[in-house]
Amino acid sequence: MSFRERYDAVKAECEAICLAHGRDPHAVCVVAVSKTVGLPEIEAAAAAGAHNFGENRPDMLAQKACALPEQTWHFIGNIQSRKIEEIVRNASLVHSLYQPHHVAKFDAAASALGKVQEVLLEVNVSGEESKSGLAPDEVASMLEVCSQYAHVRVRGLMTMAPQGNADEARNCFAKLAQLAEELKVGMEPAKAECFNELSMGMSEDWREAVAQGATIVRIGRALFAEDFNEPLDIH
Ligand SMILES: *Cc1c(COP(=O)(O)O)cnc(C)c1O
């Protein structure tokens, strides 16, 4: 199968899952996670209709976004203070903000570049030690921190589910969606209106995420790898 066939199949199934769950079939943005491939593969993907790409290293993000500036670039990786300026320069949406002391740095970098940086707050819903992110009960105070800064706009939440078990993944995604709803209740209407993105679901569990309300899925191997096989026990 070509990238185009895999991408079309993901999009079609995504629309079908949305319809089955009473959602707008075009409610989900498929981010093609391009961290394992080079520019030729990304150019081919763009020619096949993909225009949102995700990178997890600031240097690779910069290199690829500078080469292909007409595409929309997402930063999905670990954030280090000294890389924030480079991330802000190149990313439309940052999925992985969770450290309060990074917010002022994002604000300063965005202000200097004349932009408002759109971000998602990463939440460690499952509580696994190997995962980074805010505990669910820390998100409200992080939102308070972000609201002090005019050049940072929180668009929603992001999470990664435990791997290998569809029920656990579903449960994790449902909890993130529920948390977002609860947080919206306490927000000013203008803020709540912008707070509508849920970035959840990867190659192995994006179907569960779409069923639970994902507005953004981040898919790498299932789009770019020739030999990606679904784990047998996930669905
Ligand atoms: C690599 C990565 C993905 C994509 O993973 P696949 O399993 O290849 O789909 C999604 N989100 C994050 C944060 C990643 O680092």
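Biologist: Which side chain has an N or O atom 2.9 Å from a nitrogen atom of the ligand?
Modeller: This is a predicted model. In it, a nitrogen atom of the ligand sits 2.9 Å from a side-chain N or O atom. The cut-off for a polar contact is 3.5 Å. The side chain belongs to Arg218.

Biologist: Which residue places a backbone N or O atom 2.8 Å from an oxygen atom of the ligand?
Modeller: Arg221 uses a polar side-chain atom, 2.8 Å from a ligand oxygen. The surroundings of the ligand also include Ile219, Met202 and Ser203. The backbone atom 2.8 Å from a ligand oxygen is in Gly220.

Biologist: Is Arg6 buried or exposed, and how far is the nearest side chain of opposite charge?
Modeller: Arg6 lies in helix α1, residues 3–20. Arg6 is buried and has no salt bridge. A salt bridge needs the charged atoms within 4 Å. The nearest side chain of opposite charge is Glu226, at 4.1 Å.

Biologist: Which residue has its backbone oxygen 2.6 Å from a polar side-chain atom of Arg6?
Modeller: Leaving out residues up to four places away in sequence, Arg6 touches Ala222, Phe224 and Ala225, among others. Glu226 is also one of these contacts. The backbone oxygen 2.6 Å from the Arg6 side chain is that of Leu223.

Biologist: How many disulfides does a search of the whole structure find?
Modeller: A disulfide needs two cysteine sulfurs within 2.5 Å. The sulfur of Cys29 has its closest cysteine sulfur in Cys14, 9.6 Å away, so that pair is too far apart for a bond. Cys29 is partly exposed at 24% relative accessible area, while Cys66 is exposed at 58%. The number of disulfides found is 0.

Terms used: Residues are numbered from 1 along each chain as its sequence is written. This is a predicted model: local features need pLDDT of at least 70, side-chain atom pairs count only at pLDDT 80 or more; totals for chains, interfaces and linings use all residues. Side-chain values use heavy atoms; hydrogens and water are left out. Buried means under 20% relative accessible area, exposed over 50%, partly exposed in between (1.4 Å probe, protein chains only). Helices (H or I, at least four residues) and strands (E, at least two) are DSSP runs, numbered from the N terminus. Lys and Arg count as positive and Asp and Glu as negative; His and the chain ends are not counted. A polar contact is a pair of N or O atoms within 3.5 Å; within protein, one must be able to donate a hydrogen and the other to accept it, and residues adjacent in sequence count only if both atoms are side-chain atoms. Contact means heavy atoms within 4.5 Å. A residue is near a molecule or strand if one of its heavy atoms lies within 4 Å of it.
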